[in-house]
Amino acid sequence: QTLPHIHFQMSHEAGGDEMALRRRHPPTAAALEDEDLLGEILLRVTPLPSSLLRASLVSKLWGGVATAPSFRRRFVAHHRRPPVLGFFKKGDGELVFTPILNPPDRIPRARFSLRPGGDDEDFSGQFNSWVLLGCRHGRVLIVIRFWPMLLVFHPVSGDCRSVDIPSDFLQCVRDFSGAVLCAAGDDQGHVHGDCHSCPFKVVLVGTREKQDLTVAWVYSSETGMWGDQVSTTQPCAGLVYHLPGMVNRLPCTLVGNVLYWLLHGSDNGILEFDLDSQRLALIERPSSAGINRGNSRIIRLEDGSVGLAVFLYPTFNMWKRKVSSQGVASWARHKIIDIHKIIGLPRRIKTGKGAIVGYSEDANAVFISVSGYLQYYAFIVQLESMQSRKLNQIFFENSYHLFADFYTAGTVPAIEPTQQQSIVPAIEPPQLQGGRMIQLISRIFVCTRVAVESLVV
């Protein structure tokens, strides 16, 4: 039987009542000493940064179960979707991480932030000429246009690797976009969001000078080499901004093993790059009016197909792309949702402007913002359940990069950084000593008793 998520936010009941519960349910206490049963309980703990850490502090047995590598693999496979820990944006010469979780799961901003040029002021001007291209599978992709080169940053470990951009690519394109992704595929039983030591791939796409054809290259960290050039057979407009030297900051979306870029040029199409077949092509988007780069985002639907989310206040629309047995593709409306039913927005806002400012296919969640008369609201919405949570943020752009990861506070994978970063301590474990430790164990007992009895039944 599937159990509800167990939170370690305990009630403030008197200790005497809890001890009475223990006396009335001795089999439950014994069950908590069963390592296999305890593992089944901890599997259902919410995958937040402090959850397993706090569970490991209960006792030696709990600590042994919660920190075992085999349990970690089961835990990740059970939840499959990592939580959104925060988002990245470019600040004053710094890649800025903004946390969105509440304490004790809130990660300090400095823990995941990065200065691509280090702290040396002599290089601040050169290294400030960089753009954040994407964030996926626990890694962040940055292009430094002055050199030019790419940085692949792993915030959890602090590992930061440089990747040279092919000279042939630079010579034939006027501007480009890119993506980073884990090299392990979904069909291999791998769960993204815990890719701490997996090899990765980098994809660059750019528009050729004069011809307007789009080309792509793929880099593999396993070989340390770029693959052969792939090209479209027809002109492709709208991949990048029309301003000289400005890279398109709207990130792409990964669905299966295919990358999609929403174009906003004259054709208003979608660029599709199949990593398996190495095919680069243009496909049509829904012909509905009102779709623009601020209110739409390519998404992955619950059945694994390609979708398009469009926020036309006060409705949140989802489209689905279907391909017939004859290979004919078309778009159909998948869902139409009244935004007031999923977010806590005052009904007095009769008119407003909606925007989708970020998306993570790892967590299948979007950031949305609503602006009314001198009022701004921001929410994170999980697209399958359509559950939302209000954020204390104001978003002025539409290219924020959500960071989702199965991060456990106080732990860092054994990856040696290739470039020195500022090391900031992870979340400090709660100071539990003496009576406070006993009190926590008692409160955990109350919450897990119901779960144990349901599992036994």
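**Pro104 and the first cis bond**

Select Pro104 in this predicted model; the residue is found in the loop between β2 (95-99) and α7 (109-112). Now display the backbone from Pro103 to Pro104, where the peptide bond is cis and omega is near 5 degrees. Such a bond deserves a pause, because most peptide bonds are trans.

Continue along the chain into helix α7 and select Ala110, which lies in that helix. Is Ala110 buried, exposed or partly exposed? With a relative accessibility of 41%, Ala110 counts as partly exposed. Add Phe97 to the selection: the C-alpha atoms of Ala110 and Phe97 are separated by 7.3 Å, although the two residues are 13 residues apart along the chain.

**The whole chain**

Zoom out to view the entire protein. Its secondary structure comes to 10 helices and 24 strands. Of its 457 residues, 54% count as buried. If one takes the contacts with a separation of 6 or more, residues 24 or more positions apart account for 58% of them. Switch to a surface display: the protein exposes about 21300 Å², and carbon and sulfur atoms supply 50% of this area.

**Helices α3 and α5**

Select residues 35-43, which form helix α3. The buried residues of this helix are Leu37, Leu38, Gly39, Ile41, Leu42 and Leu43. Next, show the side chain of Asp34, which caps the N-terminal end of α3. One of its side-chain oxygens lies 3.0 Å from the backbone nitrogen of Asp36.

Move on to helix α5, residues 60-67. Which residues of this helix are buried? They are Trp62, Gly63, Val65 and Ala66. Turn the view so that you look down the axis of α5: the buried residues fall within an arc of 165 degrees, so they line one face of the helix. The face turned away from this buried side carries the exposed residues Lys60 and Thr67.

**Val191 and its distant partners**

Select Val191, in the loop between β7 (173-182) and β8 (200-208). Val191 counts as buried because its relative accessibility is 8%, and the limit for a buried residue is under 20%. Which residues does Val191 contact, leaving aside its neighbours within four places in sequence? The contacts are Val76, Ala77, Arg80 and Phe406. Draw a line between the C-alpha atoms of Val191 and Ala77: they are 6.3 Å apart in space, while the residues are 114 residues apart in sequence.

**The cysteines**

Colour the cysteines. How many disulfides does the count give? The count comes to zero. Cys198, for instance, is in no disulfide; the nearest cysteine sulfur, that of Cys182, is 4.3 Å away. A disulfide would require the two sulfur atoms to be within 2.5 Å. Select Cys135 as well: this residue is buried, with a relative accessible area of 16%.

**The nonpolar cores**

Select Phe316, Ile343 and Ile368. These are the residues with the most contacts inside the largest nonpolar core, which has 22 residues. The strands β17 (306-312), β18 (315-323), β20 (353-360), β21 (365-372) and β22 (375-382) each supply at least two residues of this core. Centre the view on Ile343 and show what surrounds it: not counting residues up to four places away in sequence, Ile343 touches Ile368, Val370, Phe379, Val381 and Ser388. Then select Phe97, Leu114, Val140 and Ile144, which are among the 21 residues of a second, separate core.

**Loops between the core strands**

Return to β17 and β18 and select Pro314, whose place is in the loop between these two strands. The peptide bond from Tyr313 to Pro314 is cis, with omega near 10 degrees.

Next, select Asn364, in the loop between β20 and β21. Asn364 has a positive phi of about 55 degrees although it is not a glycine. This value merits attention because most residues other than glycine have a negative phi. Asn364 is also buried, with a relative accessible area of 3%.

Finish at Met386, in the loop between β22 and β23 (388-391). What is the sign of phi in Met386, a residue other than glycine? Phi is near 60 degrees, a positive value. Met386, at 12% relative accessibility, counts as buried.

Definitions and conventions:
Residues are numbered from 1 along each chain as its sequence is written. This is a predicted model: local features need pLDDT of at least 70, side-chain atom pairs count only at pLDDT 80 or more; totals for chains, interfaces and linings use all residues. Side-chain values use heavy atoms; hydrogens and water are left out. Helices (H or I, at least four residues) and strands (E, at least two) are DSSP runs, numbered from the N terminus. Buried means under 20% relative accessible area, exposed over 50%, partly exposed in between (1.4 Å probe, protein chains only). Contact means heavy atoms within 4.5 Å. A polar contact is a pair of N or O atoms within 3.5 Å; within protein, one must be able to donate a hydrogen and the other to accept it, and residues adjacent in sequence count only if both atoms are side-chain atoms. A nonpolar core is a set of buried Ala, Val, Leu, Ile, Met, Phe, Trp, Tyr and Cys residues joined through side-chain atoms within 4.5 Å. The arc is that of the directions from the helix axis to the C-beta atoms. Accessible areas come from the Shrake-Rupley method with a 1.4 Å probe; for residues, only the protein chains shown count as cover.
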